[in-house]
Amino acid sequence: MNFLLHKGYTRSGIILIIMILNFLAGFQDATAQEPPPRPIRINSTAQVLSFGAFYQGASGGTVTIDPSGLRSASGDVILLTLGYTFTPALFQVHAHPGTVISILNGPNAVLNGTPSGSMTLHIGNSIPASPFVSTVQFNVAIPLYIGGTLTVGNPGANPPGGYTGTFQITIVRE
C-alpha cells in the first residue's frame, strides 16, 4: 500500500493507525512461543529396587520385580523370603498440573557381587505408565514406581552374597 504523507502525519503514526484498523477488523498480531514449562523436582531416595532373597539352580534364570511390587522367577530360580524385602524403585516426582512426563530407560546395568560375581539388571516398566500427565499441585508428590529383571547365572558365576549397582533412567518433562 502506498500512502501519501500529509502534513503533520509521520510514518510511525500511519503504522499505528493501520495497526488499530487491523485490530478493529479482527486481525491479531502474532505472538511469541509460550513460556517454557516449569521445572520438576525428583526425590530419588524414596525406595531402592530390591530383589530379595532367592536361590538358583544349575542353569540360573531371572528374578523380576514389576512396578506394583510383585516378584516372579523363571528358569530354576527359587524365590525365598528369609526376611529380605523385595521392592520396586520409587521416585517421588513433583510437577505442575498439566506437565507431561516421560521415562526413558537407560542401558542394562551390571550389579557386582560380594564376594564375587556379577548379574545384569534390565530396567522394566513404570507405574504410572510412561508418558503420563501430572494432575496434582507441585507440592504433592507423584509416586513413580520402576520395576526390573535380574538375570541370574549358575551358582559358580553368581555365588551367594550381596549384589549392588546403579541404573539410569531419564525423566523428561515435556
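User: Where is Pro-131 found?
Analyst: Pro-131 is found in the loop between E9 and E10. Strands are DSSP runs (E, at least two residues), helices are H or I runs of at least four, and both are numbered from the N terminus. Please keep in mind that this is a predicted model, where local features need pLDDT of at least 70 and side-chain atom pairs count only at pLDDT 80 or more, while totals for chains, interfaces and linings use all residues. Residues are numbered from 1 along each chain as its sequence is written, and side-chain values use heavy atoms, with hydrogens and water left out.

User: Which peptide bond leads into Pro-131, and what is its omega?
Analyst: The bond from Ser-130 to Pro-131 is cis, with omega near -5 degrees. The loop between E9 and E10 also holds Pro-128, which is joined to Ile-127 by a cis peptide bond with omega of about 0 degrees.

User: What makes Leu-82 count as buried or exposed?
Analyst: Buried means under 20% relative accessible area, exposed over 50%, and partly exposed in between (1.4 Å probe, protein chains only). Leu-82 has 61% relative accessibility, so it is exposed. Leu-82 is found in the loop between E4 (71–80) and E5 (86–87), and its phi is near 50 degrees, a positive value in a residue other than glycine.

User: What makes a set of residues a nonpolar core?
Analyst: The members are buried Ala, Val, Leu, Ile, Met, Phe, Trp, Tyr and Cys residues joined through side-chain atoms within 4.5 Å. The largest such core has 26 residues, and Leu-121 and Ile-146 are among those touching the most other members. Strand E11 (142–152) is one of the elements giving two or more residues to this core, and E11 gives the most, with five.

User: Why is the largest pocket called a pocket rather than a cavity?
Analyst: On a 1 Å grid over the protein atoms alone, a cavity is a set of points where a 1.4 Å probe fits but cannot get out, whereas a pocket is an open set with protein on both sides within 12 Å along at least five of seven lines. The largest pocket is lined by 30 residues, and Tyr-163 is one of those nearest its centre; a lining residue has an atom within 4 Å of a point. The largest share of this lining, four residues, comes from E3.
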